[in-house]
Amino acid sequence: MVTQENNYPAQFTILIATDVSVDVEELKDRLIDKGYTIIFATDGKTALDHFAQFRPQLVIISDDLPIYDGIELTEKIRDLIDNQSFIPFILLSVSEKQFLLHELSAYHIDDYYYAPLDNNKIIYKIDTLIRYQLQMNTISHKYHRLNSKYHRLQYELDTAERCFLKTRPSHHIQYNDIQYQMTPHSLSNGDVLFYEKSPQGDRYIILGDFTGHGLSAAISACSIKGIFEEMVKNSHSLEMIVNEINDELTKILPPELFAAICAVKINCNEKAAEIWNGSLPTVYIYNKYGIKQTLDSQYPPLGIEELSDEELITTKVPITDGDCIMLTTDGLIEAMNKEREMFGNERLLKCIIENTETGKVFQSVTLELNNHLQGMVQPDDVTYLEINC
Amino acid sequence: MSVTAILKHDERLLVIKVSGHFNFSVQKDFRMAYENIKDVKNYQIDLSETQHIDSAGLGILMAMRTSLSNENPNIEICRCNNDVKQLLDIFRIGKYFKIKSM
């Protein structure tokens, strides 16, 4: 028989509380030989005090203890233990007594034995219970560490989210020339929208979609919003703004993170719009007579490397009153319903074509999207906006 | 979702194949496939079994390019399906990698 196979640390303590009716002398000796520390009591009161003082890892109790009997003692000890720790209980009794199994189970008694004791069996069981306990303690320890890390991380994310949301146009401000829909309060994928008017009255809009974790969007969005506002205030060209934002993002973002961005400037005097589409879905320009023009992504996303002069050329589109421009992020195109069917370019195009005449394109996209999704929550931000020129 | 890599010594070529969805979930495996592998000049990213790639997947490719930039490697993306090709085009990935349809 292998006796010293389990080399438990010396602090592994077992409380044995029995009266004279059950002979535990041999069991005690063998457990001590195996390296366990044994504390012993012959009545319920002393056993409870010992438990409180020594905090043993396992408890063996006989049923007919003076002062508190086995079940009473179990109850009182259980009151001292928080319900997340696993302290195994073994109940001993004379053979005439028949335990009611449902009662044992209700008191979380892990096993029971009748005198005369089969010590081999009991020791085997103790070793097993203690092995389980060690495993559970490890798991519980890891769970607590993970949980505290999770809460820390959640707090950091919430902080980032609060900073990030400040970069978005305030929901309280109503713009009469743009309508937009963004996933509210979400750091899922970090869509950003900036809108400013220059002192001359030119309007600048930037819609961006950051890759990767929303945290990077939060960091970047705060710094590029400042650049954007400052440059619009000084009436810089759209090319210069895009270039400056690219330089900033290239500087701060690691190689795997970048931002698909579409920048639009509506010139109030020239009656023209300038558009720079770097990796966002197709931009649509339409009026009540139908679609005037579309503009696919022409350029790489921002934040990778310096842009060449050719990559900074904007597309100029003549604008008349009543013209609208629609920008979207890929979250709209890829918005998936329960059947894993995407919203798709075709559906968007259909919404535009069928509603230009009534001027209700934006409303129809919202309606169609809601019909498509039926409340399905999306993993990516879903953003679309319509600029009324 | 899985990443497999085959090293062809005589051609100094490493072929990395991504099956299923090329997204954040393959980030670690993909990086391990090319990191610390010596004497490779040519890299082939085989997307024949890639159903879908998202922007995080593109980020993984960009990180590879930056990480290997000192060795001036020849990186080629090949055998991608139409959906994948469309995203590579929208993001102008051809600027940074050779893209072959075969």
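Trainee: Why are H9(A) and H10(A) called oblique to each other?

Mentor: This is a predicted model, in which local features need pLDDT of at least 70, side-chain atom pairs count only at pLDDT 80 or more, and totals for chains, interfaces and linings use all residues. Residues are numbered from 1 along each chain as its sequence is written, chains are lettered from A and ligands numbered from 1 in the order in which they are written, and side-chain values use heavy atoms, with hydrogens and water left out. Helix H9 (residues 344–355) and helix H10 (residues 361–373) of chain A pack at an angle of about 140°, with their axes 9 Å apart. Angles under 35 degrees count as roughly parallel, over 145 as roughly antiparallel, 65 to 115 as roughly perpendicular and the rest as oblique, and H9(A) and H10(A) are therefore oblique.

Trainee: Which residues make the contact of H9(A) with H10(A)?

Mentor: With contact meaning heavy atoms within 4.5 Å, H9(A) contributes A:Arg347, A:Leu348, A:Cys351, A:Ile352 and A:Asn355, and H10(A) contributes A:Val361, A:Ser364, A:Val365, A:Glu368 and A:His372. These residues divide into 5 nonpolar, 3 polar and 2 charged.

Trainee: What makes the peptide bond from A:Ala115 to A:Pro116 notable?

Mentor: The bond is cis, with omega near -5°, and A:Pro116 is placed in the loop between strand S5 (111–114) and helix H5 (119–166) of chain A.

Trainee: What is the sign of phi at B:Arg12, and where does this residue lie?

Mentor: The phi of B:Arg12 is positive, about 50°, although the residue is not a glycine, and B:Arg12 lies in the loop between strand S1 (2–8) and strand S2 (13–22) of chain B.

How values were computed: Axes fitted to C-alpha atoms, helices over the stretch in contact; angles between N-to-C directions. Helix = DSSP H or I, 4+ residues; strand = E, 2+ residues; numbered from the N terminus. Nonpolar A, V, L, I, M, F, W, Y, C, P; charged D, E, K, R; others polar.
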